[in-house]
Amino acid sequence: MKRPLSALAFLALSFAGAQTAPVPVLAPNPVNKALNISGRSLQMPESIRWVTVDEIRASLPDRPINVSFDIDDTVLSSSGCFWWGQQTFSPGSTEYLQKQLFWDAVNGCDRFSIPKDSARALIKMHQDRNDQIFFITGRTAPRQMELLTPLLVKTFGTKNMHFVNFAGGIPRETKYDKTPFIQSLKIDLHYGDADSDITAAMEAGPQVRAIRVIRAANSTNLPMPAVGSFNEEVLRDSAW
Ligand SMILES: [Mg+2]
């Protein structure tokens, strides 16, 4: 005669069953990152002159060159600083960008900004070539000691670091605020996410090459620029 299972035996069998059940496994798929992070960057029409870091490296002369990077949305996802600044100094408008108090207050905020993987790859490639690396930002300099330069050194391991160039609020005769810096630093290649990065490089002279970096999809700097609109080269997968 069969004896009914004791409660203990039943539990033991249940656990054994649970252990043999198939465990779901996440399949690694690098495409998912692009899909999840920046839908905008997935629209990759063939008409755009896409380039990769390796292709840029292969296209450069043997001698070291001077390279400049925009900062916001090019090397750092810094929208959090600007979002906070807008809520604090001029909710609903961009007036905060005209206030020196904002630029003073936002100094140091970049300890919360996220460095972009694409910027790391670019900076490493240029440093391996012994290129001179400069940063040119449209930000206005703070009145106290600026904290961006040491942060960029720490974040990207930048060698032979030059002080960040703050173009905001500097009197100029050119149309675009970064143009005088691109000219005086004798920049050969400028990277940026904004239309004004591309047009400043164009204004600086035909010898300056401009490469577009894609703005992060959740940037607060709107409207989004249309990459490739100046027939400039665009770095693939550079939204993060
Ligand atoms: Mg920018």
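This is a short group-meeting talk on a predicted model of one protein.

Okay, thanks everyone. As I said, what's on the screen is a predicted model, so please keep that in mind throughout. Let me start with the overall inventory. The protein has 240 residues, and 32% of them are buried. On the secondary-structure side, we've got 10 helices and 9 strands. And if you take the contacts with a separation of 6 or more, 69% of them are between residues 24 or more positions apart.

Right, the sheet. What order do the strands come in? Reading across, it's β1-β9-β8-β7-β2-β5-β6, so 7 strands in an open sheet, with parallel pairing. Now look at the two ends. β1, residues 49-51, and β6, residues 165-168, each have a single partner strand, so one side of each is left without a neighbour in the sheet. As you walk across from one strand to the next, the twist averages 30°.

Let me zoom in on the β2, β5 and β6 part. β2 and β5 run parallel and are joined by 4 bridges. One pair to find on your screens is S68 with F134, its bridge partner in β5. Moving over, β5, which is residues 132-140, pairs with β6, again in the parallel sense, this time over 3 bridges. There you'll see I136 standing opposite N165 in β6. And how does the chain get from β5 to β6? Through helix α8, residues 148-156, and the three elements together make a right-handed β-α-β unit.

Staying with β5 for a moment, have a look at F135. Which residues does F135 touch, once you set aside anything up to four places away in sequence? The list is S68, F69, I71, L152, V164 and N165. That brings me to the nonpolar core. As a reminder, in soluble globular proteins nonpolar side chains tend to be buried together. Here the largest nonpolar core has 38 residues, and F135, I182 and A201 are the ones with the most contacts inside it. Which element gives the largest share of this core? That's α10, with 4 residues. There's also a second, separate core of 6 residues, which includes C81, F82, F102 and V106.

Since α10 came up, where does it sit? Helix α10, residues 195-204, lies across β7 (189-192) and β8 (209-212), and runs at about 175° to β8.

And since F82 came up too, let me mention L97. L97 is in the loop between α5 (79-89) and α6 (100-106). In sequence L97 and F82 are 15 residues apart, and their C-alpha atoms are 8.7 Å apart in space. L97 counts as partly exposed, because it has 17 other C-beta atoms within 10 Å.

Next, the loop between β8 and β9, where I have two things to show you. The first is V213, which lies in that loop. Buried or exposed? V213 is buried, with 24 other C-beta atoms within 10 Å. It's 139 residues along the chain from T74, yet the two C-alpha atoms are separated by 6.0 Å. Leaving out residues up to four places away, V213 touches T74, S118, Y191, G192, D193, L235 and S238.

The second thing in that loop is P223. A cis peptide bond joins L222 and P223, with omega at about 0°.

Last topic, backbone oddities. Most residues other than glycine have a negative phi, and most peptide bonds are trans. So what about D73? D73 isn't a glycine, but it has a positive phi of about 70°. D73 lies in the loop between β2 (66-69) and β3 (76-77), and it counts as buried, with 25 C-beta neighbours inside 10 Å. Then there's N130, also not a glycine, with a positive phi near 65°. N130 is found in the loop between α7 (117-128) and β5. Here the setting is exposed, with 11 other C-beta atoms within 10 Å of N130.

That's everything from me, so let's go to the discussion.

Terms used. Residues numbered from 1 in each chain as written. Predicted model: local features only at pLDDT ≥ 70, side-chain atom pairs only at ≥ 80, totals over all residues. Pairing = 2+ DSSP bridges. Axes fitted to C-alpha atoms, helices over the stretch in contact; angles between N-to-C directions. Contact = placed C-beta atoms within 7 Å. Buried ≥ 20, exposed ≤ 12 C-beta atoms within 10 Å, placed from the backbone. Core = buried A, V, L, I, M, F, W, Y, C linked by C-beta atoms within 7 Å. Right-handed = clockwise from strand over helix to strand, strands pointing away.
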